[in-house]
Amino acid sequence: MRPHHLLLAAALLVSSAFADSFDCRHCEKHLLPQPIKIIAGRKYARDRRVDVLHLKLDVTPDFVKRTVSGTATMRFKPIALPLAKLELDAVDLNISELKAEGAKVAEHEVTNEKLVITFASAIAPDAEITLTVKYSAQPEHGLYFRTPEMGYKSGDTQVWSQGEAELHRFWFPSYDYPNERFTSEVICHVPKGMQVVSNGTLQSEKPGAAGLVTFHWLQNQPHVNYLIALAAGHFHKLEDRAGKLPLAMLVPPSHAAQAANAFTDTRKIIEFYQKEIGVPFAWDKYWQVYCLDFLAGGMENTSCTFEAADMLFNADTEELRTLHRLDAHETAHQWFGDLVTCRDWAHLWLNEGFASYYTILYEEQKLGTDAMKYSLWLEAQEVFGANDTRPIVWRDYGDPMQQFDNRAYPKGAWVLHMLRSQLGPDLFRKCIKTYLERHRSGIVSTDDLQDVVEEVSGLSFDQFFDQWLHHGGEPELKIDHTWDSAAKLAKITVRQTQKLSEQVRLFRVPLPVSFHVAGQKEPLRFTMDVSKEVEDFHFVVPAQPELVRIDPDYTVLAKVSFTPPGPMLDEQLESDVIGRLLAVRTLDRKHIAKLGQILREDKFHAVRSEAAKVLAKIGEPEARAELITGSENQKHAATRKAVVQALASLHTPESREILWKMAQSEKNPAILATIVETWSARPGEPTVSEALKKHLAASSYQSTLELAAIKTLRAQDDESAVPAVLARLQQPHELRGRDASTAFDALAFLARRPTNANRDAVRDFLAEKLSDPRRDWRVAAAKALGTLRDPKALGLLDLMLAISSGDRIDPVREASAKAAQDIRAGLESPADLKNLWDRVQQLQKKSEDQSKEIEALKKKPQTAKK
C-alpha cells in the first residue's frame, strides 16, 4: 500500500469489512440500517436492574424543521437490588426537564449514549417509580421525515419510526434492548388532515392546541422497546376484517392505485396462521402502513407493520411482483418476534427464521407443494452462496444489524423445516403451540425452544441444535451409487467433504433415499444415518432401480453431489420439482431436444426457466433454435423474463431480432425493462437509440423504464447521452431512494472523460445532491463523484470528510472517502497528489480537533432541575 493512501484506507476499513448485504426475498431486511457503531467482543444479554411497567410518549413532530419534541413517562420497579442509579439509552437528545414521583432525583448526566439519573437515596426493590423526561431531538436515526422540502410530493408528507435493532434511543429515552417487555401508549399531535398510527387501539382523536389534532394510542399488552411504532402523515386507507380482527392498509395517496395489490392476502394469511400455529392472533388490530423510502422491506411492530412503499406494484407486472411473501413474513412476526421475542441478538433466528419458514408454509397454502419446495430451493441457494461458516447463534457481532443475514433468515427457516421433517407436521405443530403458549408475552432463547421440543416429543435434540445452531456450515455430501445384481443390493456411498474446523464439524443427518423399481407402485424408501466422513449403506432391492433419489422430499439442508447415470436421468426428469431442477442442470448438448421440450411443456415455471438457462449455456445452433421456439407462448412472467435473459446471453443476430420483436409487444414493464437492458450490446444502432430516448422520456411507475434506459446508456458508454440523462434527472420523477445510486453512477460514468463538455454540469448536479436532505441521495452523489473522476470534486469531498461522525459509522463520509481515494488514484502528477494529500491531512487534523471539542461538551454533566 502506498503511503499517501494510509489515511483513506483506514477510513474505509470498517465499511469494507461489513459491506456485504443479505437479500431476503421475504422482508427485504437487507435494506435495514447498516451497522452504526462497531463494538468488539462477545455480546451477551444485558442486566435488567428494573422492571419497566409502562412507557408513555407524548410527542409533536415538526415537519418543517424535521425535529420532534415530547415527554417520555416511564413507570418502573427495581427488580431485586436497591437502585441508586438508572441508565436509559438516549443519543443526541436535548433534555430540558426531568422529574420523578416516588423518588428524589439528585442529578442527571447526559453522555454520548446514555441518560444517567442518580437518585438522592437508593430505591428499594418493588417500589414503583414514575420518571418523566421532557426532551427534543433532531433524530439521525429511529424517526424519519418525508416532506416536500426533501423532494417528496406535498400530499405524501410522512414521518415514521424504525426501531430495530436499537434505534429508538435516537428519538426518545428508553431501555432500548429486547430482554424487557412493557405496555405502552403514544400520544401524537399533528396538523389537521393527517392520520397517526401506532400500536394497540386508538383511544381518542380530538382537536388540540395550536390547531393540531391529537391522536392517543394504547398498547395494553407488553412488548419490547424496538416494537414501538409511530407513523403520521397523509394516507389512503383500505379496510377489511379477519373474523372480528380489524385489518387496514394505508399507503401514500400517490400510491392509492396500488393499494389493493398489496392487500389481497392479509386476511387469508392470518386465517391460515391461526389454524396452522394453533394460537390466535394476539393483538387488537392488524394494520399495514406503507412508508416512503422505508429502510426495510417491512417491520413487524405489534399490531401495525410498516412496509416499504418502494415495493408496491401495478398488476401489469404479473407474477414478477407480489407482496404476499412480505405480507406473510411480517404477519408471522406478530407471533414470532412480537408475542415472544429473542432475549438478545445472538438468538435473532427465533424471530427471523420462524417468520421466513411460516412464509414458506403459506406459499404451499397459496400456490401448492411445488411452490413451497421451490421456495426452499431458493433459500438453500442463498445459504450455499453465502458460504458462511459462523453459527446461527453467534455472539461475536460488532453491531446487532450484522445478525440480519442468511444465517437468521434462510438457514433459520431450513433448521425449522428439518425439525418439522423429523417430527412430522402434527408433532411439530404441537411443539410450536406449546412453545408460544408457555413463553407468551416473554423473552426466549434457543434453549427454550429445544426444551419444549424435547419435552413434547420425548426425543433428544442435543446434537441437532448443537450442529445446526451452535456450530456453522452445512454438510457437503458426495454420493455414489452401485448395483450388485447377484446379491440384489443397492450400495450408496456417502462422503462428507465440507472443510472441517472448530466451527464446522462432521454432521449427523437422517438422509432419506428412495429406489424406484419397475412394477412397484411406490418407490422403496429408506433413511441413512449419516455421521461419518465416509460411509457405505446397503439396501435390499428386488430389482435394479430405474431411479435413485437422494432426499426425495427435500428435508435436509446439504450440498449434494450426485449425478445419476443416463437412463436414471430420464426418469428423474419426470419426477418431483426438485428432482427435475437438479436433472435439468446436468443436461448437456446431447439433450438439446429434451431441453426444448421441457422449456415448452414442463408444468412448473422454474423448471422451464432453468431449461432456458441451460440451452443458452450450450449455445449451439440447435440449442438456440429450441430457445427461440420455446420463447413463444410463455404465459408465466418469470419464465418470459428468464427466456429474455437467456436470449440476451447469445449475442447473435437472430436473438437480437427476437428480443426486438418481443419489445414491441411486451406489456409487462419489468420484462420490457429487462429487454431494454439487453440493448447494451447494440450501441450506435439508430432504431435502438431512438427507443432508448423514448424510454428515457417515459413516466413509468417507479421509473422502471427510465432506469433501464439509463443503465443501458451507461453500458453502451454513450457519452452523447449525458445531456438527456442529466435533464431527465433534473426533472420531477418517481426515482426511488434506493435507485438514486444507479442513476447517479450512470450519469457520472458517461461524463467521466475530461473532454466531455458536460462534465462540469454533472459535477455541479452531484455537488448539489451532496447536501440533499435524503441520506441515500447524499451517499449516491458521493459515490458518483468517485465515478466521475473529476479532480475538481476533491474540494467538495474533503469538506464531507471533515464532518466528524464521532465513533459512529457515517455512510456519507465513507462514500466520500472512497470517492476521494478513487480520484486521487487516477491523478498522474506526484506534485498535485502531494498538495492534495497535505490538504486532506490539514482537514483531518481540524476535524479531529473539532470532534474533541464536541465530545467534551457532550460529556459535560447537566444538573437536574428542581
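A search of the whole structure, which is a predicted model, finds 61 salt bridges. One of these joins the side chains of Arg 808 and Glu 140, with a nitrogen-to-oxygen distance of 3.4 Å. This pair links distant parts of the chain, since Arg 808 belongs to the loop between α25 (794–801) and α26 (811–825), whereas Glu 140 belongs to the loop between β7 (129–137) and β8 (143–146), the two residues being 668 residues apart. The partners also differ in their exposure class: Arg 808 is buried, with a relative accessible area of 14%, while Glu 140, at 40%, counts as partly exposed.

A further salt bridge is formed by Glu 363 and Arg 325, whose closest N and O atoms are 2.8 Å apart. Here both residues are helical, Glu 363 lying in α5 (residues 349–367) and Arg 325 in α4 (residues 324–333), so the interaction ties together parts of the chain that are 38 residues apart in sequence. Glu 363 is buried, its relative accessible area being 2%, and Arg 325 counts as partly exposed at 22% relative accessibility. In addition, salt bridges that share partners connect Arg 46, Asp 89, Lys 114, Glu 166, Arg 169 and Asp 176 into one network.

The salt bridge between Lys 237 and Glu 239 has its closest N and O atoms 3.9 Å apart, which falls within the 4 Å limit applied to such pairs. In this case Lys 237 counts as partly exposed, at 30% relative accessibility, and Glu 239 is exposed, with a relative accessible area of 61%.

With regard to charge in the chain as a whole, 109 positive and 118 negative side chains are present, and the centres of the two sets lie 2 Å apart.

The protein chain contains 27 helices and 28 strands. Its radius of gyration, 29 Å, is close to the 29 Å that the globule rule gives for 866 residues, and the chain is therefore as compact as a globular protein of that length. Along the principal axes, the C-alpha trace spans about 95 × 75 × 55 Å. Of the 866 residues, 56% are buried, and the chain exposes about 35,500 Å², of which carbon and sulfur atoms supply 50%. Among contacts in the protein chain with a separation of 6 or more, 71% are accounted for by residues 24 or more positions apart.

Methods:
Residues are numbered from 1 along each chain as its sequence is written. This is a predicted model: local features need pLDDT of at least 70, side-chain atom pairs count only at pLDDT 80 or more; totals for chains, interfaces and linings use all residues. Side-chain values use heavy atoms; hydrogens and water are left out. Helices (H or I, at least four residues) and strands (E, at least two) are DSSP runs, numbered from the N terminus. Buried means under 20% relative accessible area, exposed over 50%, partly exposed in between (1.4 Å probe, protein chains only). The radius of gyration is taken over C-alpha atoms; the globule rule is 2.2 Å times the number of residues to the power 0.38. Contact means heavy atoms within 4.5 Å. Accessible areas come from the Shrake-Rupley method with a 1.4 Å probe; for residues, only the protein chains shown count as cover. Lys and Arg count as positive and Asp and Glu as negative; His and the chain ends are not counted. The place of a charge is taken as NZ of Lys, CZ of Arg, CG of Asp or CD of Glu.
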